[in-house]
Amino acid sequence: MPIPIFNSIASWILKKRIHQMELFVKYPNEVQTELLTDLIQFAKNTEIGRKYDFKSINSYQDFADRVPLTYYEDLEDTIERSRNGENNIIWPTPIKMFAKSSGTTSSKSKFIPVSQESLEECHYAAGKDILCMYLNNNENAKLFTGKSLRLGGSKEIYKDKGTSYGDLSALLIDNMPFWANYKSTPSNEISLMNDWDTKMEAIVNETMKENVTSLAGVPSWMLVLLNNILEKTGKTKISEVWPELEVYFHGGVSFEPYKTQYDSIIKQDNFRYYEIYNASEGFFAAQDLNNSKDLLLMLNYGIFYEFIPMKTYRTPDEKIIPLSEVEVGQNYAIVITTNAGLWRYKIGDTIKFTSINPYKIRVTGRTKHHINAFGEELIIENAEEAIRQTIQETQSEIVEFTAAPIFMDGKTKGAHEWIIEFRKAPKNPDEFRDRLDLNLQKVNSDYEAKRYNNMTLNKLQLNIAKPQLFHEWLRQNDKLGGQHKIPRLSNKRDYVEELLRINQQL
């Protein structure tokens, strides 16, 4: 089929999906209520359905009263049984795939169930809808005249006892519909390579010869790839390598610390950035408008949402609410029930709503990734905004960063200790430190109060990392590539101490 015709047909088919999105935008709570009913009815004869008597659940309140909230640790034994081939435990249809993820909260591996329903009705449906929204906003888009460069996980898929496991991206690539695979690069063989460094070189060699029109992947790793492309080709900007490149679909970490660097190497007029929010557990939200920071919460992917206000999280007053009760501007932990057999599962992410008509969100961080050693309640959103302002003010560029508390020892006050690896270092590191400290106070009133006259907290300490520090930390922890990312904030010093030790060895 000639490329122009393929582009027109694909665009026409994808744009038809906009009407399906209009339904949940117009009737969000009704769609969610019906979805919960369908999930409960479908799973009523499973082991978990019998345990909590799904047959007699007639309302959301019944569901909330009867089914407990769960963490992965609560499900670990049950999931292990599923991985060993047992069926009908948490979901009626056989679960043959598990997304292996260590996340950033533990070095211990998690195996998140991926049912055939979640693969098709969530992950792949989301891929179509992202393209649909982009095409709907950009009538002259020519995505299908070229290929999408996908940068996924670095682990091959392992099979055992009739089930398989691997990075989510590897599972998606391995089961990708033919039409999507036809218009993607690199090849499956390269995408599923196990060694990250070998894989990176192979991707560079293959993709620099292609006509790439879109990018998809985690910002930190995609930036490494693009810089390698420039070095290999000898070009000064990505638009010289791929003249028809028009959009980057990114997710996994905040884009703010990286945007300046992307702008400086892509140098393409009218280039678009589109943010997505997905995880091993499901696909949750996506940017639905050009030049927007708000993500439309996708309500028809087989995921029922509940929320815990962070003001009450893990307190005696903890409260769990459905979508219909959320408020704009509040910080919430997400709880999901899915068509892969996760029931009232805490995924560990926090979000805030920017709109409730339609429901739009921004990701604010992780429930376990914050610093609150002194009552300062510093969340990832605060840290990344302060970093963004500081690198703009000092005309610097960063590769990665992390921070942790310095605890009081009875003689000295507390503080925050930052480790930052720069791509372009500030001319005056002390000025950078002072500006970062001030910007943190601007975006977080609790931090400002604790810093007032050094009452509780001293000025933050800044450690400038040696080149490749964070890459080496990821390598030593077998976390190169894919969805693996640096823990931005921690209430403990484990990450910082390990990074400081490696930094001394470099």
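This section describes the second largest cavity of a predicted model and the surroundings of residue T70.

Rolling a probe the size of a water molecule over the atoms shows where empty space is left. Applied to the whole structure, the search returned 5 cavities of 30 Å³ or more. The second largest cavity holds about 120 Å³ of space. Its lining is made up of 13 residues. Nearest the centre of the second largest cavity lie Y71, K110, K346, I347 and K368. By class, the lining comprises 5 nonpolar, 3 polar and 5 charged residues.

In terms of secondary structure, helix 6 (72-83) and strand 15 (345-356) each contribute at least two residues to the lining of the second largest cavity. Strand 15 provides the largest share, with 4 residues.

T70 is located in the loop that runs between helix 5 (60-66) and helix 6. The relative accessible area of T70 is 10%, which is under the 20% cut-off, so the residue is classed as buried. When residues up to four places away in sequence are left out, T70 touches L75, W343, R344, Y345 and K346. One of these residues, W343, also takes part in a polar contact: the side chain of T70 reaches the backbone oxygen of W343 at 3.2 Å. K346, which T70 touches, is also among the residues nearest the centre of the second largest cavity.

Notes. Residues numbered from 1 in each chain as written. Predicted model: local features only at pLDDT ≥ 70, side-chain atom pairs only at ≥ 80, totals over all residues. Heavy atoms only, no water. 1 Å grid on protein atoms, 1.4 Å probe; cavity = no way out; pocket = protein on both sides within 12 Å on 5 of 7 lines; lining within 4 Å. Points joined across faces, edges and corners; volume = space filled by probe spheres on them. Nonpolar A, V, L, I, M, F, W, Y, C, P; charged D, E, K, R; others polar. Buried < 20%, exposed > 50% of the residue type's maximum accessible area, 1.4 Å probe, protein only. Polar contact = N/O pair within 3.5 Å; in protein donor to acceptor, adjacent residues only side chain to side chain. Contact = heavy atoms within 4.5 Å.
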